[in-house]
Amino acid sequence: MADFPTRARVVIIGGGVVGCSALYHLAKKGWADCVLLEKNELTAGSTWHAAGNVPTFSTSWSIMNMQRYSTELYARLGAEVDYPMNYHQTGSIRLAHSAERMQEFARAAAMGRYQGMDIKILTPAEVKEIYPFIETHDLAGALFDPHDGDIDPAQVTQALAKGARDMGQRILRFCPATGVTQTAEGWMVHTDKGDIACDYVVNAAGYYAQRVGEWFKPYGGRTVPMMVMSHQYLLTKEIPEIEAWSQKTGRKLPLLRDVDVSYYLRQEKHGYNLGPYEPNCRAHWATPDDPMPDDFSFQLWSDDLDRIEDIVTDAMARVPLMATSGVSRVINGPIPYAPDGLPLLGPMPGVRQAFEACVFTFGIAQGGGAGKVLAEWIIDGQTEWDMWSCDPRRFTDYTDPDYCVQKGMETYGHEYAMHFPHHEWPAGRDRKLSPVHAVVKANGGVMGAYNGWERANWFAKPGDDTSEEATQTWGRAGPWQVRIRAECEAVRDHCGVLDLPGFSRFRLSGVGTAEALRGLIAGGLPKVGRMNLVYIADRRGRLLTEMSCLRLDADEFILITAAAAQWHDGDILRAAMPADVRVEDLTRTRDTLIVTGPKARQVLTPLTDGDLSLGWLTHQAATVAGRPAHLVRVSFAGELGWEIHALNADMPDIYAAILAGGATPFGMYALNSLRMEKGYRAWKGDLSTDYSLLEAGLERFVKLDKPQDFPGKAALQAEAQRGVAKRFVTLIVDAAEADAPYMSCLYKDGDIVGETTSGGWGYRVGASIALGMVRRDHAQPGTELEVEIYGQMYRAVVQPDQPLWDPKNERLRA
């Protein structure tokens, strides 16, 4: 090809809506020398057979942001690029059959209001007014989103492509990528028509993303965690009553979603489009006898209506008009699913200058926002909204094909399920086990999964209801409540022990390690034998991560961080450290116990040769129960205590000795309560890139006068001069049955002035606690606010800037 481009800043592999949106947004941000490769025609794959629904609803703040942006973009895109599009913002009605569903709707509606969307809660009578063909006798209510609707998937993809081309981007159709080679500067992307050198490469290959991902394995990559679902929707013949209604009103019916039955029902021309998410679902291309074909660009599978018969029957009862028309067509095509149903959007784990924008289950709704996010990632190295919910690094080394199929089918079959705070999904469990897992379970541990690691959430007694059904509540009350209280009281009054496998753990060593860390973290380093918390910011001064830093020698450190942060923080450290610094991931090799409470020293004294008189924030090598270990004088529970770090093989003897010494096992729910009473922040809840280090109240961990130009230093200096816009606060809430969940709105005189970042009951202080971010002028202690918890308003009072429990840390330092 004479005009074949041999050089580009970015090469995007995949020409669906997400790939075209990424190309468009790169151009909008000024990078107009990029190339998109499509093996077939644009829209091939999931895009061409997508139903095209464009909701804004989500209970995830970041997903709602992304989907809201899509609706705003699509509303103006046709005129902006001079490409006509069929985009109908009909509004949508989500039906609720229960009070619990109405509570979920109320929370989402408040989040929507915070983002500027006029989402309303409806009574059954109000539903009937705007949708006359519906039966409402058994409904509790509904949620109405005026921005929801549908768009032609092919048209929006072509519009994005046209906009990108008009700004200078290149799109090569019928030009499949065949592989990649890493170079000193970036990448060489291979095609049958020639090679393209580029700085960055993006895997936007949809349900072929796993195949493309294999090309990156020689350069540090992994198998893309995904599977492919068979998704059906059916189109009815035209219905005269719908045609008459549309002609009379001049618009389409609102889109219906019966989320408790699990389907959507949309007007399609003058008939219906019914799309179910059935529990009796089917995975494709998941077994050796069902291999993925080399090309499935515009193909479909045969229909399988038996799978959805019950849902179709229910839809006809809900909207009897549907039963008056026959089926005109069934679409049964592939949709990719990540294990949690959310896309992979962001840096490719372990691979430099490579990104993923793939495995979109709702690609049309999220495509506009996804292109914006990806362009920010590539060009700015940071995104406007914290996008951890979609970050590919949220999955690590446990997502084998069996796990992906189990979780994908579970997620698809519960697409509209409510995600209750005490509920654990049962599929794909026991992927990574602590060396004392069997003992924890035998003692009554009710387990939860944390980056694949099984940890006890609480400890049940004989006769306690540990069924999945018991967790179907937004409230704090349940069989766990009395047990959590007892666990917190054991830590308060005696000594508790928590098995905590999966801490992300990195050893950094080599000449220059200390100086390299000083140039990365915002604050200072501890002395040898000491530890402290260190924070890493992005260029805006926003909070990337928090780590515990243990200094073993002048140039040797152990950095410990959240279980979920393993690949995220590993990428940060490896990218920042010079060649002479060795970065080792020790996460799999060691386990951790938290031994904490006023009697912790008495429990440990007969078991260890360590010096238990050493002060807070010290660490030492010692033996415990005759086994080598590392004792760290710190406690996330806020009591006298130690973390015991030991090799997996040595932990069973240590754990047995501590239990025999009288320590009470406690779980993650109790730890969460205990840490909130101390105002300790949790990663990706209280600590995220939505906030700066100064907004998060972490000034004592920031050294703006140090000589090193750490990331975000200039931004933080400027922020320190002008003052923060928001401030981290602790609130006492006059809550009723439920505590404030993440991203509950905080109000002053009817105006939203902030949001909660976490909430729960404090069993030592006997109160409902919320941590949150509040506008600076409302962050003074004693300020009375209101917090909206599942649709109800409760008084919330800003507390002094100190821990609620043991404010002077006297118990911690004892």
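**Entry 1: two odd loops**

Where is Ala-625 found? I went to the loop between strand 29 (619–624) and strand 30 (627–632), and there Ala-625 was. I am working with a predicted model, so I keep that in mind on every page. I looked up the backbone next: phi of Ala-625 is near 55 degrees, a positive value in a residue other than glycine. Is Ala-625 buried, partly exposed or exposed? Its relative accessibility is 29%, so I wrote down partly exposed.

I then turned to Phe-174, which sits in the loop between strand 8 (170–172) and strand 9 (177–182). Phe-174 is not a glycine, yet its phi is positive, at about 50 degrees. With 44% relative accessibility, Phe-174 counts as partly exposed, because that category runs from 20% to 50%.

**Entry 2: a glycine inside**

I moved on to Gly-597, in the loop between strand 28 (590–596) and helix 16 (600–604). Its relative accessible area is 0%, so I noted Gly-597 as buried. Which residues does Gly-597 contact, leaving aside neighbours within four places in sequence? I found Val-491, His-494, Cys-495, Glu-639 and Leu-640. I also checked Gly-638: from Gly-597 it is 41 residues away in sequence, and the two C-alpha atoms are 8.5 Å apart in space.

**Entry 3: a valine in a strand**

My next stop was Val-733, which belongs to strand 33 (residues 726–733). Val-733 has a relative accessible area of 6%, so this residue is buried. Not counting residues up to four places away in sequence, I saw Val-733 touch Ser-768, Ala-770, Val-787, Ile-789, Tyr-794, Arg-795 and Ala-796. Glu-784 is 51 residues from Val-733 along the chain, and their C-alpha atoms are separated by 9.9 Å.

**Entry 4: helices that cross**

How do helix 3 and helix 10 lie relative to each other? I looked up helix 3 (residues 61–81) and helix 10 (residues 363–380) and found that they pack at an angle of about 100 degrees, with axes 7 Å apart. That makes them roughly perpendicular, because angles of 65 to 115 degrees count that way.

I listed who meets whom. Helix 3 brings Ile-63, Met-66, Gln-67, Tyr-69, Ser-70, Leu-73 and Tyr-74. From helix 10 come Ile-364, Ala-365, Gln-366, Gly-367, Gly-368, Gly-369, Ala-370, Lys-372 and Val-373. Sorted by class, this contact has nine nonpolar, six polar and one charged residues.

**Entry 5: an enclosed helix**

How many of the 10 residues of helix 18 are buried? Nine are, so helix 18 (residues 668–677) is largely enclosed by the rest of the structure. Among the buried residues I ticked off Met-668, Tyr-669, Leu-674, Met-676 and Glu-677. Just after helix 18, I noticed Gly-679 with a positive phi of about 75 degrees.

**Entry 6: domains side by side**

The domain assignment gives me domain 1 (7–217 + 224–337), domain 2 (427–503 + 587–685) and domain 3 (725–808). I picked domain 2 and domain 3, whose C-alpha centres lie 27 Å apart. I read that 21 residues of domain 2 contact 24 residues of domain 3. Between them the two domains bury about 2000 Å², with 52% of it on carbon and sulfur atoms. Which three residues supply the most of the area that domain 2 buries against domain 3? They are Arg-476, Met-676 and Glu-677, with 39% of it. I had met two of these names before: Met-676 and Glu-677 are buried residues of helix 18.

Conventions
Residues are numbered from 1 along each chain as its sequence is written. This is a predicted model: local features need pLDDT of at least 70, side-chain atom pairs count only at pLDDT 80 or more; totals for chains, interfaces and linings use all residues. Side-chain values use heavy atoms; hydrogens and water are left out. Axes are lines fitted to C-alpha atoms, for helices over the stretch in contact, and angles run from 0 to 180 degrees between N-to-C directions. Helices (H or I, at least four residues) and strands (E, at least two) are DSSP runs, numbered from the N terminus. Angles under 35 degrees count as roughly parallel, over 145 as roughly antiparallel, 65 to 115 as roughly perpendicular and the rest as oblique. Contact means heavy atoms within 4.5 Å. Ala, Val, Leu, Ile, Met, Phe, Trp, Tyr, Cys and Pro count as nonpolar, Asp, Glu, Lys and Arg as charged, and the others, Gly among them, as polar. Buried means under 20% relative accessible area, exposed over 50%, partly exposed in between (1.4 Å probe, protein chains only). Domain bounds come from an automatic or database domain assignment. Buried area is the accessible area (1.4 Å probe) that two parts lose on being put together, summed over both.
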